[in-house]
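Subject: Structure handover

Hello,

Please find the structure below. My notes on it follow.

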Amino acid sequence: MAYQVLITEKKKKKGLDFLREQGYTLITGTGPDEETLLRECRDCDGALTRNGKFTQRVFEGCPKLKVVSMHGVGVDGIDVEAATNLGIQICNAAESNQKSVAEYAVGLILMLAKHSVVYNNGLKSGDMSVRNLYGNDVSGKTLGIIGMGNIGTQVARMACNGLGMKVIGYNRHITKKQKADFGYLTPDMDEVISSADFLSLHLPGNDKTRHTMDARRLALMKPSAFLINTGRGEVIDEAALIKTLQEGNLRGAALDVFEGNLPKADNPLLSMDNVIVTPHTAAFTTEALERMSYQAALGIVEVLEHRPVTYAVNKMKDSFEENKDIAAVMNFFRHEFNYN
């Protein structure tokens, strides 16, 4: 009997074709909410999702489920700990959109420095006075980066090698300032924030990173500085940012992400001339979405065919090789015989 895989939302064709090539039956879902998943994923062996709320309750209610693969990188909506405890592999498309997001962040830096949006809006509305607003070069300016993962590192190299910017990045794993091929790394986040002419955030969204940029840290920024966020909206205290901008203590911002996903229509950030806003689209290029679809599908195939997992989010024990681990053995029986 062919494996069944739930597709919770519409995806690019490349990944779906790859799953069909394995002989899998694809189930088209009708929604990513918990109740829908409990109903539609119950008899599935795998799931490919973007916004699915895969909670412990969903995992416990889907006895055949062996793998959930994220059509993206962040797994905020998946209870990874619960999945691990129940022997369910979580995968993602870790390398699908890194360069795309890095390019987007650099683009936002340039748009802020050159007043591109202001010029565009002024010319289209017939306001030629915008010509009296002068932009700035970014060469020689300091770019601070918080979140020196793959994306943050790519931004650093693009900015240094391509634009001639000075780069300083925050790294919590070091104890003193270190030279890097793109500039410097420091364990002092406040130093990064206070020295930056442009501050770019590339942090995941979790309890530890929530409101990393709070009122105190926003106050450390130069009044002439710009803030860029293409990571997760929750890392900024949005109310504090709005107040900082309204009081003129920050020159401007470019935000692709917001607290609570997309902003409400009355959010003051949407009406500020010195703020560029985009609807969480940094990762969505045609090329990135193709890679995302394939890499997410790849994880499902690797798990169901008992192959090494390329983009594993959680570390799983092999129930065949480590059968002394009681939890692993129980999960093997749960998966193979639908025992729950």
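The notes cover one strand with its neighbours, and then the nonpolar cores.

This is a predicted model, in which local features need pLDDT of at least 70, side-chain atom pairs count only at pLDDT 80 or more, and totals for chains, interfaces and linings use all residues. Residues are numbered from 1 along each chain as its sequence is written, and side-chain values use heavy atoms, without hydrogens or water.

Helices (H or I, at least four residues) and strands (E, at least two) are DSSP runs, numbered from the N terminus. Strands pair if DSSP finds at least two bridges between them. Strand β4 (residues 67–70) runs parallel to β3 (residues 46–49), joined by four bridges; Ser-69 is the partner of Leu-48 there. With β5 (residues 89–91), β4 pairs in the parallel sense over three bridges, and Val-67 is matched with Gln-89. Val-67 and Ser-69 point one way from β4, Val-68 and Met-70 the other, and all are buried (under 20% relative accessible area, 1.4 Å probe, protein chains only).

A nonpolar core is a set of buried Ala, Val, Leu, Ile, Met, Phe, Trp, Tyr and Cys residues joined through side-chain atoms within 4.5 Å. The largest has 28 residues, and Leu-227 and Met-221 are among those with the most contacts inside it. Helix α10 (238–246) gives the largest share of this core, four residues. Apart from this core lies another, of 25 residues, including Ile-109 and Met-148.

Regards

Key
Buried < 20%, exposed > 50% of the residue type's maximum accessible area, 1.4 Å probe, protein only.
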